[in-house]
Amino acid sequence: MFVPRPMTVLPVGIILLFLGQASVDAEVFTALCDMEYLVHMEKDLVDSLDRYIQQEEDKLNRIKTFQSRIREVSQMAMEEPTRHLHHPVNAYLLVKRFTRDWPLLEAWIQEDTAEDFLYNMTKVKESFPSDEDYIGAGKALVRLQDTYDLSTQNIAKGKMGEIATATRPDTGFTKSPELLAEDCFELGRLAYVDQDYYHCALWMEESLARLQPDPMSDLTRDTILDYLAYASYQQNNIERAYQATKELLKINPEHTRAVNNMKFFEKEMEKSQNLVTPQKEEVEDTTVRGEYKRDLARDYLPEREIYELLCQADQPEMFNITPSRGKHLKCRYFTNNNHPRLLLAPQRLEQVFDKPKMWIFHNILTDPEMEVIKKIAQPRLRRATIQNSITGELEHASYRISKSAWLQGWEHKVIRRVNQRVEDVTGLTMETAEELQVVNYGMGGHYEPHFDFARKEEVNAFKELGTGNRIATMLFYMSDVEAGGATVFPQVGARLIPEKGAGAFWYNLFRSGEGDMLTRHAACPVLVGSKWVSNKWIHERGQEFRRKCGLSPED
């Protein structure tokens, strides 16, 4: 009988978070701009730690000097104690040492040089990331691993930046240190607690490969093998579970669970005729990794495969545009029927897709405008929410990792100017549009495939606004992204790469008022870099004479 591995010894709070029994209140990893302060905070803590270490070293040097001086006198006195004390100076110094020097040494040893460092720690500790942030950051790495088909080896070696360079050679990237065996083990253990045995096995394999003797670490080879054996078994890789358990028993022959499981694995392998009883002791290659299969049912998404292929940095467009369709995709200077504000400053407009029609307004925002928008929004960024399709209530979700803020026109002239520009180029009124939403994506930040408009079954959506459904979307890219972060449309295979200052526009509804199901789109996880966007969701009310109705969806 197989003996399951017991639950990990992670703190109870972390276990509950993994099991979904705790609220989602992460406030750090969900936006990269809010993680920048951690870099400065850590630098201050390192400086404070340097001062503490220097003080400790100074104290230890004083103690060593005292020890050296006292040892010399003590050795001299021990040669002939009585004769030594006959000299009055020696007698005086002996009394002095016990009444002055030894008490002084005691004071030195009791001296608390850590006070300043602990005070600085206490001051900033409330701003430390939470357990939820730690879990979210770990899941973000796993999400990037899956979406961009990255190996644990490349992630552990910090090679994500090289992918960015291959995609955009003109973009520099920051190198990262390699992950230690302990780092890989922790990622595997987080997956284990989440009952994600696929990633648990992958990261335990990586931890095993990177394990080196380290007196500062409590991590042992048998601990990794214990997790690896269980994860491999859960992945139906009995052979790898058998190998890991066999190696574990070589290290710890008294491991009760491993002893019992070994018998079980041997029987299972005999059934499948995979076990050949060796005639003599064989030397096994324990560096060979097992093969594991990802469980797509854990995070089921109908278009998961095509969505991830579209996101991958080096993936070409999924569907080639035929010449007959491609002839309509052109670039031009756009004045929207000679609109007064566009005559002297026409927009550079490019149609990038035909079904559904999608346009890019290049350089529709200027650098100063984007900086103002980000500066106003950053202090107000909060964890992004989604609208529950049944209740209509706003809530957090793991498939949308970002922070957002809402800016109104009266707050700044730049926001009013941007709102007016959207109205000028689209011809749609902003009177019933939603406020300008500003979003910064966090570590592995993404938004899985979704519709901007409300479908028929979502009866409570936008009810409070009283402005009807979302007729169109204007999405502004306010930063370039080194790798990842594309906007993809899985239904049609379209992909928009973030281009700083550009605005993507499409209609969510046909002229008949029916939703265009082809506009289902997603924000791919940010692989390298920081992604800033803002958007205007434009509603139906007020557009009656600006975009007239039509009976056919093709109108």
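Q: What makes the pair Arg210 and Glu178 a salt bridge?
A: The closest N and O atoms of Arg210 and Glu178 are 3.0 Å apart. A salt bridge is a side-chain nitrogen of Lys or Arg within 4 Å of a carboxyl oxygen of Asp or Glu, so this pair meets the definition. The two residues belong to distant parts of the chain, 32 residues apart: Arg210 is in helix α10, and Glu178 is in the loop between α8 (160-167) and α9. The model is predicted, so local features need pLDDT of at least 70 and side-chain atom pairs pLDDT 80 or more, while totals for chains, interfaces and linings use all residues. Residues are numbered from 1 along each chain as its sequence is written, and side-chain values use heavy atoms, with hydrogens and water left out.

Q: Why is Arg210 called buried, and why is Glu178 called partly exposed?
A: Buried means under 20% relative accessible area, exposed means over 50%, and partly exposed is in between (1.4 Å probe, protein chains only). Arg210 has 17%, so it is buried. Glu178 has 45% and is therefore partly exposed.

Q: How do you know that Arg240 and Glu205 form a salt bridge?
A: Their side chains meet at 2.8 Å, N to O, so the distance falls within the cut-off. This pair also links distant parts of the chain, with Arg240 in helix α12 (residues 238-251) and Glu205 in helix α10, 35 residues apart. Both Arg240 and Glu205 are buried.

Q: What makes Glu371 and Lys374 a pair within one helix?
A: Both residues lie in helix α17 (residues 367-377), three residues apart, about one turn of the helix. Helices here are DSSP runs (H or I, at least four residues), strands are runs of E with at least two, and both are numbered from the N terminus. Their closest N and O atoms are 3.3 Å apart, in a salt bridge. Glu371, at 43% relative accessible area, is partly exposed, whereas Lys374, at 11%, is buried. Elsewhere, salt bridges that share partners join Asp146, Arg294, Arg304, Glu308 and Glu448 into one network. The search of the whole structure finds 30 salt bridges.

Q: How do you know that Leu301 touches residues far along the chain?
A: Contact means heavy atoms within 4.5 Å. Leaving out residues up to four places away in sequence, Leu301 touches Tyr307, Glu448, Pro449 and Arg520. Leu301 and Glu448 are 147 residues apart along the chain, with their C-alpha atoms separated by 8.9 Å. Leu301 is in the loop between α13 (256-271) and α14 (304-311), and its relative accessible area of 11% makes it buried.

Q: Why does Gln145 count as buried?
A: Its relative accessibility is 4%, so it is under the cut-off for buried. Gln145 is found in helix α6 (residues 131-147). Beyond its neighbours within four places in sequence, its contacts are Leu150, Thr152, Ile155, His199, Leu202 and Trp203.

Q: What makes the backbone of Gln195 and Asn337 worth noting?
A: Gln195 has a positive phi of about 60° although it is not a glycine, and phi of Asn337 is near 60°, also positive in a residue other than glycine. Gln195 lies in the loop between α9 (181-193) and α10 (197-210), and its 43% relative accessibility makes it partly exposed. Asn337 is in the loop between β1 (331-334) and α16 (340-343); with a relative accessible area of 73%, it is exposed.

Q: Which peptide bond is cis, and where is its proline?
A: The bond joins Lys355 and Pro356, with omega about 0°. Pro356 is found in the loop between β2 (347-354) and β3 (357-362).

Q: What makes the space lined by Tyr441 and His521 a cavity?
A: A cavity is a set of points on a 1 Å grid over the protein atoms alone where a 1.4 Å probe fits but cannot get out; lining residues have an atom within 4 Å of a point. The search finds three cavities of 30 Å³ or more, and the largest holds about 200 Å³. It is lined by 18 residues, and the closest to its centre are Tyr441, Tyr447, His450, Leu475 and His521. The largest share of this lining, five residues, comes from β8.

Methods:
On a 1 Å grid over the protein atoms alone, a cavity is a set of points where a 1.4 Å probe fits but cannot get out, and a pocket is an open set with protein on both sides within 12 Å along at least five of seven lines; lining residues have an atom within 4 Å of a point. Grid points are joined across faces, edges and corners, and a volume is the space filled by probe spheres set on the points.
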